[in-house]
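Hi,

Here is the structure I promised to pass on. Have a look at it first, and my notes follow below.

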Amino acid sequence: MATRHPSIASKAAKAKKVARVAKAKRHEAEGKNTVETPMSKSFTDHRDVLLKPVVSEKSYALLDEGKYTFVVAPGANKTQIKQAVQAVFSVKVTGVNTINRQGKRKRTKSGFGKRADTKRAIVTLAEGDRIDIFGQAS
């Protein structure tokens, strides 16, 4: 649903917004957590977010810049990926870029098939931090 500019929003919509803002302020004052992540969107273990490292020429070239590439869970967002890398590898993450890759269409004997879609994350670490998942020497 598209949001309308406040000047053309209906009176009912304006009243609902005022009520939402008042509720958020009240919850903040009481110390309540107003944003609750549903269990379907949360990951209980950080290793459920990071599926495997990407081993390719491009990912190896990024290692010199302090960037590491991982295949991640399709439902994971950048914040969850950052928290997972920091928890699993005990490093400081400065940035996360994500890519949704379409699976390739492949020909089989019985027709066409498709590989699974994947989500990849390029994680930038703080200066001096490194992860030894590729066994690099430096």
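About 10600 Å² of the protein chain is exposed, and carbon and sulfur atoms supply 52% of that area. Bear in mind that this is a predicted model. Of the chain's 138 residues, 23% count as buried. I also looked at contacts between residues at least 6 apart in sequence: 56% of these join residues at least 24 apart.

On to the secondary structure. The protein chain has three helices and six strands, and along the sequence they come in the pattern α-β-α-β-α-β-β-β-β.

Which order do the strands of the open sheet take? There are four of them, arranged β1-β2-β6-β3 with antiparallel pairing. The edges are β1 (50-53) and β3 (93-101), each of which pairs on one side only. From one strand to the next, the twist averages 35°. In case it helps when you go through the pairings: strands of a sheet pair through backbone hydrogen bonds, either parallel or antiparallel.

At the β1 edge, three bridges connect β1 to strand β2 (residues 67-72), again in the antiparallel sense. If you want a spot to zoom in on there, Lys52 stands opposite Val71 in β2.

Then there is helix α3 (residues 78-89), which lies across β1, β2, β3 and β6 (118-125). Its direction is at about 125° to β3.

The other two strands, β4 and β5, form a hairpin with two residues between them. β4 covers residues 105-108 and β5 covers residues 111-114; they run antiparallel and are joined by four bridges. Where does Arg105 find its bridge partner? In β5, at Lys114.

The hairpin is also the place to look if you care about charges over rings. Arg105 lies over the face of Phe112, at 3.7 Å from the ring centre. Arg107 lies over the face of Phe112 too, at 5.3 Å from the ring centre. So that you can check those two in your viewer: the distance runs from CZ of Arg to the ring centre, and the cut-off is within 6 Å.

As for rings paired with rings, the count comes to one aromatic pair. A pair like that is described by the distance of the centres and the angle of the planes.

That's what I have for now. Shout if anything looks odd on your side.

Cheers

Terms used
Residues are numbered from 1 along each chain as its sequence is written. This is a predicted model: local features need pLDDT of at least 70, side-chain atom pairs count only at pLDDT 80 or more; totals for chains, interfaces and linings use all residues. Side-chain values use heavy atoms; hydrogens and water are left out. Two strands pair if DSSP finds at least two bridges between them. Axes are lines fitted to C-alpha atoms, for helices over the stretch in contact, and angles run from 0 to 180 degrees between N-to-C directions. Contact means heavy atoms within 4.5 Å. Rings of Phe, Tyr and Trp (its six-membered ring) pair if their centres lie within 6.5 Å; planes under 30 degrees apart count as stacked, over 60 as edge-to-face and the rest as tilted. A charge sits over a ring if NZ of Lys or CZ of Arg is within 6 Å of the ring centre and within 35 degrees of the ring normal. Buried means under 20% relative accessible area, exposed over 50%, partly exposed in between (1.4 Å probe, protein chains only). Accessible areas come from the Shrake-Rupley method with a 1.4 Å probe; for residues, only the protein chains shown count as cover.
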